[in-house]
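Visitor: I'd like to learn how to read a model like this one, feature by feature. Could you walk me through it?

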Amino acid sequence: MILYDAHKELNDWVSFNVLGVTGLYDKASKAIGHVKDGKLIAAVTYNNFVTRPDGSFLTVEMGVYSTDKRWATKDFLRAIFEYPFVQMKMPKVDTRCSAENKQIIAFNQKLGFVPEGYHRQAWPLGGDAISFSMLKQECRYINGKFS
């Protein structure tokens, strides 16, 4: 089951499990959760919305946390990418991870994110970070490109 409309709770769950803190949620933040057998197994957060001068959206930063290796189902992947690209009409989404986490770096690339920058001493828990982005036209999870 895909969980919508629990933005604060899902953002707090992700930030606590990734960074060890809660309360990073602001009213603009959004989130989508994945519930399996009555238990939350994954959530994707959307923070740091960037808009153009005309008010249209340019990009948003996505974050994810999961407790189950099988969280990335077709339905959930479609939902988490349809939100920024289709519903919000964004041309691009961003994500960051620790430069030391080779498994997450590989996973981001497998999803279709492209490395965009290396940020020294920028990971909140210490160390360097890598930023990734995906353009709408590169996303295979929307518009029938993913089956």
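Visitor: Let's start with Arg70: is it buried or exposed?

Guide: Keep in mind that this is a predicted model. Arg70 is exposed, with a relative accessible area of 59%. The cut-off for that label is over 50%, so Arg70 qualifies at 59%.

Visitor: And which residue does the Arg70 side chain meet in a salt bridge?

Guide: For a salt bridge, you look for a side-chain nitrogen of Lys or Arg within 4 Å of a carboxyl oxygen of Asp or Glu. Here the partner is Asp68, at 3.4 Å from N to O. The two ends sit in unlike surroundings: Arg70 is exposed, whereas Asp68 is buried, with a relative accessible area of 13%.

Visitor: Where in the fold is Asp68 found?

Guide: In the loop between strand E4 (57–66) and H2. There's a backbone detail here too: a polar atom of the Asp68 side chain lies 2.7 Å from the backbone nitrogen of Arg70. So look at both the side chain of Arg70 and its backbone nitrogen when you inspect Asp68.

Visitor: What does Asp68 touch further along the chain, leaving aside neighbours within four places in sequence?

Guide: Lys36 and Ile41. Lys36 also belongs to a network of salt bridges that links it with Asp68 and Arg70.

Visitor: How many salt bridges does the structure hold?

Guide: There are 6. One of them joins Arg78 and Asp75, with the closest N and O atoms 3.7 Å apart. Both residues lie in helix H2 (residues 74–87), 3 residues apart, which is about one turn of the helix. Arg78 is partly exposed at 26% relative accessible area, while Asp75 counts as exposed at 53%.

Visitor: Which residue pairs with Lys92 in a salt bridge?

Guide: Asp94, with 3.8 Å from N to O. Check the accessibility of both: Asp94 is buried at 17%, and Lys92 is partly exposed at 21%.

Visitor: Now helices. Which residues of H3 are buried?

Guide: To read a helix, list its buried residues and then ask where they point around the axis. For helix H3 (residues 102–111) the list is Ile105, Asn108 and Leu111. They cover an arc of only 125° around the axis, so they are on the same side of H3. The face turned away from that buried side carries the exposed residues Lys102, Gln103 and Lys110.

Visitor: What covers the buried residues of H3?

Guide: The cover includes H2, strand E5 (92–98) and strand E7 (129–135). While you're at H3, have a look just after the helix: Gly112 takes a positive phi of about 115° there.

Visitor: How should I read aromatic pairs?

Guide: A pair of aromatic rings is described by the distance of the centres and the angle of the planes. In this model the count comes to 8 aromatic pairs. Trp13 and Tyr65 make an edge-to-face pair, 5.2 Å centre to centre with 70° between the planes. That pair links distant parts of the chain, with Trp13 in helix H1 (residues 7–19) and Tyr65 in strand E4, 52 residues apart. Tyr65 counts as partly exposed, at 23% relative accessibility. Another edge-to-face pair is Trp71 with Phe76, at 5.8 Å centre to centre and 80° between the planes. Trp71 is buried, and so is Phe76.

Visitor: Which residues form one aromatic cluster?

Guide: Phe81, Phe85, Phe113 and Tyr141.

Visitor: Last topic, strands. How many residues of E7 are buried?

Guide: The general idea is that in a regular strand the side chains alternate between the two faces of the sheet. Turning to this case, 6 of the 7 residues of E7 are buried, and the strand is mostly covered.

Visitor: In which sense do E5 and E7 pair?

Guide: Antiparallel, over 7 bridges. To find your place, start at Ser98, whose bridge partner in E7 is Ala129. Strand E6 (residues 114–119) also pairs with E7 in the antiparallel sense, over 5 bridges. There you can start at Gly117, whose bridge partner in E7 is Ser131.

Note on methods. Residues are numbered from 1 along each chain as its sequence is written. Side-chain values use heavy atoms; hydrogens and water are left out. Buried means under 20% relative accessible area, exposed over 50%, partly exposed in between (1.4 Å probe, protein chains only). Helices (H or I, at least four residues) and strands (E, at least two) are DSSP runs, numbered from the N terminus. A polar contact is a pair of N or O atoms within 3.5 Å; within protein, one must be able to donate a hydrogen and the other to accept it, and residues adjacent in sequence count only if both atoms are side-chain atoms. Contact means heavy atoms within 4.5 Å. The arc is that of the directions from the helix axis to the C-beta atoms. Rings of Phe, Tyr and Trp (its six-membered ring) pair if their centres lie within 6.5 Å; planes under 30 degrees apart count as stacked, over 60 as edge-to-face and the rest as tilted. Two strands pair if DSSP finds at least two bridges between them.
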